[in-house]
Amino acid sequence: MIITGEAARIGQALERARAYAPFLSMLLDREPAIAAQLSAGSLDLAANSADAGMTAARRLRLQRRALALTVAIGDLAGLLDLTAVTAALSDFADRALDEAIRTAILERSPDAEPVGLAAIALGKQGSRELNYSSDIDPILVFDPATLPRRSREEPEEAAVRIGRRVVELLQARDADGYVLRVDLRLRPSPEVTPIVLPVEAAISYYESQALTWERAAFIRARAAAGDLKLGGYFLGAIQPFVWRRALDFGTMAEIRELTRRIRDHYAKGQRLGAGFDLKRGRGGIREIEFFAQIHQLIHGGREPALRAPATRDALAALADAGWIDPGDAATLSQAYALLRTIEHRVQMIDDRQTHSLPSGDALDQVARLHGVADGTALIALLAPPVASVARLYDGLDEGEGRDENGAMPIATDLLAERLQQAGFTDGAAAAQRIATWRSGTYPALRSAPAREALEAVLPVLMPALAAAPDPGAALLRLDAVLSRLSSAINIFRLLEARPGLASWLAQILSHAAPLADALGRQPALLDGLIDASALEPMGEIAALADEMRGGGEAVDYQARLDHVRRVVGDKRFALGAQIVAGAADPLAVAAGHARVAEAAIDVLAAATADEFARQHGRMPDSELVILAYGRMGGGVLTHASDLDLVYLFTGDFTAESDGAKPLGATLYYTRLAQRITAALSVATAAGPLYAVDTRLRPSGSQGPLVVSTDSFARYQREGAWTWEHMALTRARVVFGSVAAREAVTAFISAVLAGDRPPRDIAADAIAMRAEMAAHKPPTGPLDAKLLPGGLVDLEFAVHVAQLVNRTGFDPNLGRAIEQLAAAGLMPATLGAAHDLLTRLLVVVRLVAPDTAVPPPATQALIARALKLEDWPAVMAALSQTRDEVSRAWQQMVGAN
């Protein structure tokens with residue numbers, strides 16, 4: 001923008017700048033060419049002394065210095081209104097931030113495209129209303145798949161280093177000044193999160209954990225710099241979080257509570273006069289912004305026209321839509337313009353990021369810079385609009401009928417007596433727990449709406465807990481859940497609306513700590529209990545895989561990763577609930593867990609392969625094959641099982657992929673397997689998935705992650721040890737084409753049938769079992785796996801019988817025992833032993849993960865799951881079963 005022919009107005013502005021603003025006077029001395037141009041009556045916002053040969057940092061500092069001078073003089077001369085001033089400052093901030101990101105990336109990767117990192121502008125930069133001496137508050141996000149990085153450098157490390165360099169380029173001061181102050185603390189949990197966030201993790205946070213003030217912040221968000229496509233993807237993904245279609249009047253109270261805290265914190269700057277905080281004071285800028293944002297959050301989900309980022313635009317849109325009075329909108333808009341203008345005057349004095357009116361002579365200086373006589377005249381100018389803003393903002397409180405504590409709590413001693421009568425063994429401890437919740441000790445219970453929701457649900461929740469099998473344990477686990485939540489409002493409101501759920505919740509809290517932990521992360525898991533759908537038998541693999549593919553919910557690879565995690569979390573919770581409810585045999589639950597895991601492997605391996613092929617293409621006449629070992633191979637998992645996987649590939653190992661960035665076969669499949677492992681194991685805000693163990697591959701952790709099927713077959717035939725052949729008896733293909741599955745299964749069968757080196761199998765097995773007993777002793781009296789006579793001994797006995805006799809092979813241990821028993825190679829009674837030990841393992845991993853003897857209520861649950869009368873019957877059956885397995889193990893190794 002160039003303005004000419006305004007010598008008189010610019011001249012007056014220059015006089016006031018020289019007289020009352022030391023910072024502007026210094027700029028006029030340091031920018032003589034621009035000063036001369038201004039004195040001649042010409043204003044050019046693009047004028048600066050930078051040149052292309054300078055470093056990016058120096059060029060940006062000089063551009064900022066020149067713009068600070070020309071914008072200030074244009075403002076003081078009345079040639080630039082508030083909209084023009086803030087737009088010029090915001091546009092420069094965008095350009096500077098973009099240049100800093102580009103420079104930071106290219107300094108590290110000169111030949112790379114500067115993509116993969118985006119700056120999301122929040123606050124006044126986001127709405128193009130930046131202050132004269134403002135900082136910027138971006139959130140930096142990155143895409144691990146596209147961000148340029150150095151070799152052997154993790155994407156997260158590269159992103160943080162680039163982010164630090166961006167801040168340094170903008171914020172470092174030298175003789176030319178600085179470019180911009182940068183504040184990255186608006187990102188989620190800034191105390192513990194890196195300064196640059198993986199884009200999918202950021203999306204998951206805002207979808208599941210974000211607070212109301214963060215919704216308000218994103219009203220003004222936009223992709224401002226860096227990879228704008230990435231920034232647009234991020235904002236598009238979180239749009240439903242910001243703009244909710246359901247009317248949310250609770251938002252008003254939450255934002256009002258935030259403003260009350262601000263007023264309390266800045267109490268000294270609330271009253272108009274010297275020291276008045278133009279931004280946070282009563283009747284100040286923040287209250288105008290919040291007035292608009294409250295109405296936008298309530299109504300903007302249904303009316304996109306109300307989603308204007310800029311405050312005055314938002315006020316006009318709300319008035320046009322009839323949600324606020326047009327006269328009030330005009331009053332607030334005019335007040336906003338004046339308050340922002342005076343804020344700029346305060347900042348022009350010394351280029352300080354301050355919002356408070358000074359006192360004494362300094363206040364007179366601000367007044368005269370603005371063009372009024374003195375501080376008294378400036379206060380008089382501000383008084384009417386400040387009073388009007390305060391009145392309109394206070395009007396939002398009318399009719400709320402607030403109570404400071406949100407309830408009339410019963411005296412603690414009387415509450416303790418009532419809780420004791422209701423069923424709590426220690427009523428005083430239960431009453432103290434409620435008092436802790438009411439005190440706001442936990443972050444999830446500090447806000448007024450959270451406390452109101454707590455009081456509303458207590459009459460439903462406490463009787464349900466009191467009627468639980470173990471009220472004390474249920475209360476303690478609920479307390480642990482609440483202590484970890486960022487917000488408890490959703491779960492409280494759900495329980496209040498569906499009282500029957502409280503009984504279900506009490507059962508789960510009494511017995512199953514892992515399910516309680518899952519609820520703490522994802523309260524929506526209770527939804528499946530509303531209509532008892534969680535108690536239905538788990539679907540088959542094909543149906544589960546279809547559900548995990550997500551249809552319209554999983555629009556891209558990252559969305560599919562999160563969608564699969566949500567589905568798996570739902571299914572795991574449902575299967576656990578079936579055990580708590582006694583609605584399913586633990587053996588059926590274990591098979592259900594395995595089907596869920598196999599569907600997840602199928603969906604994520606295929607999706608990862610497709611995503612990988614976008615860059616590296618496909619391997620001709622070749623494919624990845626995934627073998628499952630252990631419990632996954634046998635199709636029987638517990639709630640806490642990891643996945644033992646081995647990766648193979650078919651075809652020529654010397655081949656090369658056909659993509660834009662081709663790779664040799666071994667490297668291609670190694671990287672693909674690494675990505676599949678990450679897809680299956682990395683926890684995101686959508687929840688955890690599975691731990692993956694690949695140490696059963698040839699040569700264990702010292703061997704390559706992926707080998708060809710030919711190499712694998714040769715290794716098994718020629719070099720594998722007895723323990724590897726024992727593990728191979730449980731191997732099963734869970735990913736690959738029909739032809740690949742048949743080929744791999746065929747050579748596994750051949751190896752097990754005898755195409756392997758001769759070994760003293762019994763002696764090897766005895767040595768391995770002794771070593772395992774020495775290094776992995778039982779963890780408790782209910783460790784059905786590691787106790788002598790437990791599942792490990794049973795597995796060893798079965799595998800020795802299989803390998804010695806070359807028969808009875810089936811990955812499922814129960815079916816293998818049936819075949820061996822039918823051949824007269826193993827007592828038929830071991831089938832029942834297997835079933836009891838497996839049921840016990842599945843149930844204990846959920847309700848007593850420390851394998852210690854649980855409280856009586858949970859003992860009864862275990863007895864019911866094992867189809868036994870009571871706890872003494874459980875212990876007697878376990879003892880008898882262990883003796884039987886121990887005898888079979890000793891007989892097996894003794895006979896061989």
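Guide: Two strands pair if DSSP finds at least two bridges between them. Helices (H or I, at least four residues) and strands (E, at least two) are DSSP runs, numbered from the N terminus. The structure above is a predicted model, in which local features need pLDDT of at least 70 and side-chain atom pairs count only at pLDDT 80 or more, while totals for chains, interfaces and linings use all residues. Residues are numbered from 1 along each chain as its sequence is written, and side-chain values use heavy atoms, with hydrogens and water left out.

Visitor: What makes strand 9 and strand 10 a pair?

Guide: Strand 9 (residues 624-629) is joined to strand 10 over 6 bridges in the antiparallel sense; the requirement of at least two is therefore met. Within strand 10, Y647 is the bridge partner of I626.

Visitor: How do you know that strand 10 also pairs with strand 11 and strand 12?

Guide: Strand 11 (residues 692-693) shares 2 bridges with strand 10, in the parallel sense, and L643 has V692 as its bridge partner in strand 11. Strand 12 (residues 706-708) runs parallel to strand 10 and is joined to it by 3 bridges, with V706 opposite Y647. Both strand 11 and strand 12 therefore count as paired with strand 10 under the bridge rule.

Visitor: Why is strand 10 called mostly covered?

Guide: A residue is buried when under 20% of its relative area is accessible, exposed when over 50%, and partly exposed in between (1.4 Å probe, protein chains only). In strand 10 (residues 643-649), 7 of 7 residues are buried. L643, L645, Y647 and F649 are buried on one side, and D644, V646 and L648 are buried on the other.

Visitor: Why does S42 count as buried?

Guide: Its relative accessibility is 14%, so S42 falls in the buried class. S42 sits in the loop between helix 3 (32-39) and strand 2 (43-44). Leaving aside neighbours within four places in sequence, S42 is in contact (heavy atoms within 4.5 Å) with I2, I3, T4, I10 and Q37.

Visitor: What makes strand 7 and strand 8 the edges of their sheet?

Guide: The sheet is open, with 4 strands in the order 7-5-3-8 and mixed pairing. Strand 7 (196-198) and strand 8 (222-226) each have a single partner strand, so each has one side without a neighbour in the sheet. Strand 3 (residues 117-121) runs antiparallel to strand 8 and is joined to it by 4 bridges, with I120 standing opposite A223. Helix 5 (residues 82-108) packs on this sheet and touches strand 3 and strand 8, whereas helix 7 (residues 155-171) lies across strand 3, strand 5 (139-142) and strand 7.

Visitor: What is the largest nonpolar core, and which residues have the most contacts inside it?

Guide: A nonpolar core is a set of buried Ala, Val, Leu, Ile, Met, Phe, Trp, Tyr and Cys residues joined through side-chain atoms within 4.5 Å. The largest such set holds 166 residues, and W437, L465, I626 and L627 have the most contacts inside it. Helix 27 (residues 586-616) gives this core its largest share, 14 residues. Not counting residues up to four places away in sequence, W437 touches Y442, L445, L454, L458, M462, L475, L478, D479 and L482. A second core of 104 residues, separate from the largest, includes A13, L69, A96 and V196.

Key: Axes fitted to C-alpha atoms, helices over the stretch in contact; angles between N-to-C directions.
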